[in-house]
Amino acid sequence: MKEKFYIGCHLSSTGGYSGMARDAIKIGANVFQYFTRNPRGGAAKDLDPADIAEYIKMAESNDFGPILAHASYTINPCSKEERTREFALETMADDLDRLQNIPGALYNFHPGSHVGQGVDIGIELIIETLNTILKPEHTTKVLLETMAGKGSEIGSRFEELKRIIDGVSLKEKMGVCIDTCHMSDAGYDVAGDFDGVIEEFNSIVGVDRIKAVHVNDSKNPPGSHKDRHEKIGEGTLGIEVLAKVINHPDLRHLPFYLETPNELDGYAEEIALLKQLRT
Ligand code: FE
Ligand code: FE
Ligand code: ZN
C-alpha cells in the first residue's frame, strides 16, 4: 500500500496558524513546524480563535498531517540554576496548555544540557520536569529530539532518550523526533548504514516511539557534535541517504520536516525533490 507522504518544513509563525498553512500550501507542503515563541524568550503571542479556526479548516480540506510545535531551544529543563529550570517548566507547561487548541499537534523539545552536573543528574531533572507538566487530559504528544551532542547536551545517545521515557509516569504521551543531521553529528552512521541506525534505535527505544523526522543534511562529518544543518544533497549525508530516510519502511508513514538553511523558495524546491524521490 502506498502511504501518503507527509512532507513540510519549518515556517515562520509571523502570519499565525492560518498564515503558516497558506505558506505550506504555497510550497507544496502538507505538514509544518514552527517555534512556539521567540527563541530569545518572552511571552507567546495571544491565541486568535479566528486564526485557529481558519487553520483547522485549511488543514482539513488540504488533508494536512500533524503540526509540529517546537519549543524554543533556549529553555533548559536540566540547568544547574533553579530559576532557569523553573522558567523551562513554566514555558513548557504554558506551551502544552495552548496546544490543547490545536488538534493533533506534536510538541518537540531539546532535552537540555546538564552543564557539568553529569548525565545522570541531567536525566533526573528532565524526568522531574516532564512528570510535573504532563497531564492526563493533554491531547499533544511530547517528543524528545535526538541531539548532536554539542557541549553537554543530553539526548545524543538513544540510551539517554530511553532512560528519560522510562522515568516518565505518563509514558503514553512520550515520543521521539529523530533528526538526521543530529544523529550523524552524534556519531551514528546515518550516511553509511541508516538501516543499522534504525535497528539500533529499535532495540533500545523501539521504533514505535518515533513520531516525527527532521530531514536535514549536515555540514560536518559523523561524530562532529557540531549541529550545523545543510541543504538537502549538499552535505555529508547526501541525497541517496536522505531518499532512504523518507522511504524507510519503519518511517515512511511519519511526517517529515525540513530544517535546512532555506527561505520558502528553497524549501519548495527541496519538497519537490523529495516528492520525486519518494517511492
Ligand atoms: Fe530542534
Ligand atoms: Fe531538528
Ligand atoms: Zn539542529
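1. Start with helices α4 and α5. In this predicted model, the axes of α4 (residues 119-133) and α5 come within 9 Å and cross at roughly 40°. Angles under 35 degrees would count as roughly parallel and 65 to 115 as roughly perpendicular, so α4 and α5 end up as oblique to each other. The crossing of α4 and α5 is right-handed.

2. Stay with α5 for a moment, since a pair of rings involves this helix. F158 sits in helix α5 (residues 158-167), and its partner F201 is in helix α7 (residues 194-204). Their ring centres are 5.0 Å apart with the planes at 75°, and planes over 60 degrees apart count as edge-to-face, so that is the label for this pair. The two residues are 43 residues apart, so the pair links distant parts of the chain. Are F158 and F201 buried or exposed? Both F158 and F201 are buried.

3. Now for the other aromatics. How many aromatic pairs are there? The count comes to eight. One of them is F32 with F64: the ring centres lie 6.4 Å apart and the planes stand at 80°, so this pair is edge-to-face too. F32 belongs to strand β2 (residues 31-35), while F64 is in the loop between α2 (49-61) and β3 (68-70). That puts the partners 32 residues apart, another link between distant parts of the chain. F32 has a relative accessible area of 1% and is buried; F64, at 11%, is buried as well. If you want to see the wider setting, look for one aromatic cluster formed by Y17, F32, Y34, Y55 and F64.

4. On to the metals, beginning with the iron ion (ligand 1). Which residues hold it? Its protein donors are H70 (NE2), H110 (NE2) and E145 (OE), lying 2.1 to 2.2 Å from the ion. Along the chain these donors follow the spacing H-x39-H-x34-E. H70 lies in strand β3 and H110 in the loop between β4 (106-109) and α4, so the two tie together parts that are 40 residues apart in sequence. H70 is buried, and so is H110.

5. Next comes the iron ion (ligand 2). Here the protein donors are E145 (OE), D179 (OD), H214 (ND1) and E259 (OE), at 2.0 to 2.2 Å. Why is the arrangement called irregular? The four donor atoms subtend angles of 82 to 170°, and four tetrahedral donors would need all angles between 85 and 135 degrees. Square planar would need opposite donors over 155 degrees apart and all others between 65 and 115, and the arrangement counts as irregular. For anyone comparing by eye, ideal angles for four tetrahedral donors are 109.5 degrees.

6. You'll have spotted that E145 turns up in the donor lists of both iron ions. E145 bridges the iron ion (ligand 2) and the iron ion (ligand 1), and the two ions lie 3.4 Å apart. For the iron ion (ligand 2), the donor residues are spaced E-x33-D-x34-H-x44-E in sequence. Among them, D179 in strand β6 (residues 174-179) and H214 in strand β7 (residues 210-215) are 35 residues apart and link distant parts of the chain. D179 has 0% relative accessibility, so it counts as buried. H214 is also at 0% and counts as buried.

7. Then there is the zinc ion (ligand 3), with H182 (NE2), D227 (OD) and H229 (NE2) as protein donors, lying 2.0 to 2.2 Å away. These donors follow the spacing H-x44-D-x1-H. How far is the zinc ion (ligand 3) from the iron ion (ligand 1)? The separation is 5.2 Å. H182 lies in helix α6 (residues 180-186) and D227 in the loop between β8 (217-218) and β9 (229-230), so this pair ties together parts that are 45 residues apart in sequence. H182 counts as buried at 1% relative accessibility. D227 is at 17%, and under 20% means buried, so D227 also counts as buried.

8. Last, have a look at K45, in the loop between β2 and α2. K45 is exposed, with a relative accessible area of 53%. The C-alpha atoms of K45 and A148 are separated by 30 Å, and the two residues are 103 residues apart along the chain.

Notes:
Residues numbered from 1 in each chain as written. Chains lettered and ligands numbered in written order. Predicted model: local features only at pLDDT ≥ 70, side-chain atom pairs only at ≥ 80, totals over all residues. Heavy atoms only, no water. Donors = N, O, S within 2.8 Å, 3.2 Å for Na, K, Ca; no water. Tetrahedral: all angles 85-135°; square planar, octahedral: opposite > 155°, others 65-115°. Helix = DSSP H or I, 4+ residues; strand = E, 2+ residues; numbered from the N terminus. Buried < 20%, exposed > 50% of the residue type's maximum accessible area, 1.4 Å probe, protein only. Phe/Tyr/Trp six-rings, centres within 6.5 Å; stacked < 30°, edge-to-face > 60°. Axes fitted to C-alpha atoms, helices over the stretch in contact; angles between N-to-C directions. Parallel < 35°, antiparallel > 145°, perpendicular 65-115°, else oblique. Left-handed = near helix turned anticlockwise from the far one by under 90°.
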